[in-house]
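The following exercises concern pockets, an interface between chains and charged pairs. Each task is followed by a solution in steps.

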Amino acid sequence: MDKIHLQYNVDGEDFTLAGEASSDVRRVLRKLGFDGDTIRRAAICMYEGEINMVIHASGGVIDVYIDPDSIEIIMADTGPGIADIEKAWQEGYTTASQTVRDLGFGAGMGLPNMKRYSDFIDIETELGKGTTVKMIIKTRS
Amino acid sequence: MATIKNLQQQLELINHNPDADCDRELSGCYIGDLLSWVMAHAFSGCVWITIMSNINVAAVASLTDAACVIMAEGVQPDQDLLDRVKRDDIALFTSPLSVYEIAIKVHDVLNA
C-alpha cells in the first residue's frame, strides 16, 4: 500500500461541521481494513484536535498520512496560540467559553486524550501566530 | 444477545430515526454528557445514555461506533441532530425516564 494523503479544511465558524473530517478518516481507515483499536485511537485524537480548532482557532488545515503501520495527523491553525502549554496538558484545565461548555465540550480533556491515545505527539505553538499539532498512531496488531 | 429492537420494545423508547438498523446487537452501556469523556470511554456496540441534544452527539456516537443513543429525562433532539442521525444512519431514541431508571432497564435487557 502506498502512503495515502488526505487533506481537510476545518471551518472554524461552524460547530455543526465539527467531527466531519474525523468521521471521513474513520471511514477511509475502515475501508482500508485497519483494526478497530487503531481506528478508534486515530478517531479520538483527530476529533479532539478538530474540536480544538473550531473552539479556539477559527479552523485550520488537517493533513493525514496513512501507511500500513502508522497514521500521521498534522493539524495546523493560525489561531491565538496556546498561552500556557503546561496547564493545557493537565486534565480538567480549559479556557473554553461557557457556550462551548454547554455544548458538552471544554472539559479540559482535549490534549490529555490526544496524548493518551497517540503514540507520539508534538505541539508547536506561538502566541498570535498559531499552533501545529503532530500526532502519530501506530498499528499494534 | 439483545438487540436495539429488544431495547426499544422493553423501554418503550421513541424512535427518532425509523430508518436506522435496529437489528444490531448490543455490547453494553455507557452513560455520560461530557463529549470528550464519552469519546474516550464509550465503546463499539454500546447503548449511550445522555442528556446532550446537539449535533455533536451524532459525531461522538458515530466515531465511538455506539449501537444507539438514548436521550433521557424527556430531552428532545434539536433539528440539526435529527438531520445528522438520518444522514449517518444512527439509531436515536428518547425517553421520559431518568438516566438511572433507563440504566436499570437497559441492564435487565442486556442480561435477559
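**Exercise 1.** State the volume of the largest pocket and describe its lining.

*Solution.* Step 1. The volume of the largest pocket is about 590 Å³. A pocket is found on a 1 Å grid over the protein atoms alone, as an open set of points where a 1.4 Å probe fits, with protein on both sides within 12 Å along at least five of seven lines; lining residues have an atom within 4 Å of a point. The volume is the space filled by probe spheres set on the points, which are joined across faces, edges and corners.

The model is predicted: local features need pLDDT of at least 70 and side-chain atom pairs pLDDT 80 or more, while totals for chains, interfaces and linings use all residues. Residues are numbered from 1 along each chain as its sequence is written, chains are lettered from A in the order in which they are written, and side-chain values use heavy atoms, without hydrogens and water.

Step 2. Of the 33 lining residues, N52(A), H56(A), I82(A), T95(A) and L111(A) lie nearest the centre.

Step 3. In chain A, α2, β3 (70–77), α5 and β5 (130–138) each supply at least two lining residues, and α2(A) gives the largest share, seven residues. These elements are DSSP runs numbered from the N terminus: helices (H or I, at least four residues) and strands (E, at least two).

Step 4. By class, the lining comprises 18 nonpolar, twelve polar and three charged residues. Here Ala, Val, Leu, Ile, Met, Phe, Trp, Tyr, Cys and Pro count as nonpolar, Asp, Glu, Lys and Arg as charged, and the others, Gly among them, as polar.

**Exercise 2.** Which residues lie closest to the centre of the second largest pocket?

*Solution.* Step 1. The second largest pocket holds about 380 Å³ of space. Its lining has 16 residues, and R30(A), D65(B), D88(B), D89(B) and I90(B) are the closest to the centre.

Step 2. Two or more lining residues come from α1 of chain A and from α3 (56–64) of chain B; the largest share, four residues, belongs to α1(A).

Step 3. The lining divides into six nonpolar, two polar and eight charged residues.

**Exercise 3.** Give the extent of the interface between chain A and chain B, and explain how D65(B) joins the two chains.

*Solution.* Step 1. Contact (heavy atoms within 4.5 Å) links 22 residues of chain A with 22 residues of chain B. The buried area, meaning the accessible area (1.4 Å probe) lost on putting the parts together and summed over both, is about 1,900 Å², with 51% from carbon and sulfur atoms. T16(A), R26(A) and Y47(A) supply 25% of the area that chain A buries there, more than any other three residues.

Step 2. Four salt bridges (a side-chain nitrogen of Lys or Arg within 4 Å of a carboxyl oxygen of Asp or Glu) cross this interface. In one of them, D65(B) pairs with R26(A), the closest N and O atoms being 3.5 Å apart.

Step 3. D65(B) also forms a salt bridge with R30(A), at 3.6 Å between the closest N and O atoms. D65(B) lies in the loop between α3 and β4 (68–71) of chain B and R30(A) in helix α1 of chain A, so this pair joins two chains.
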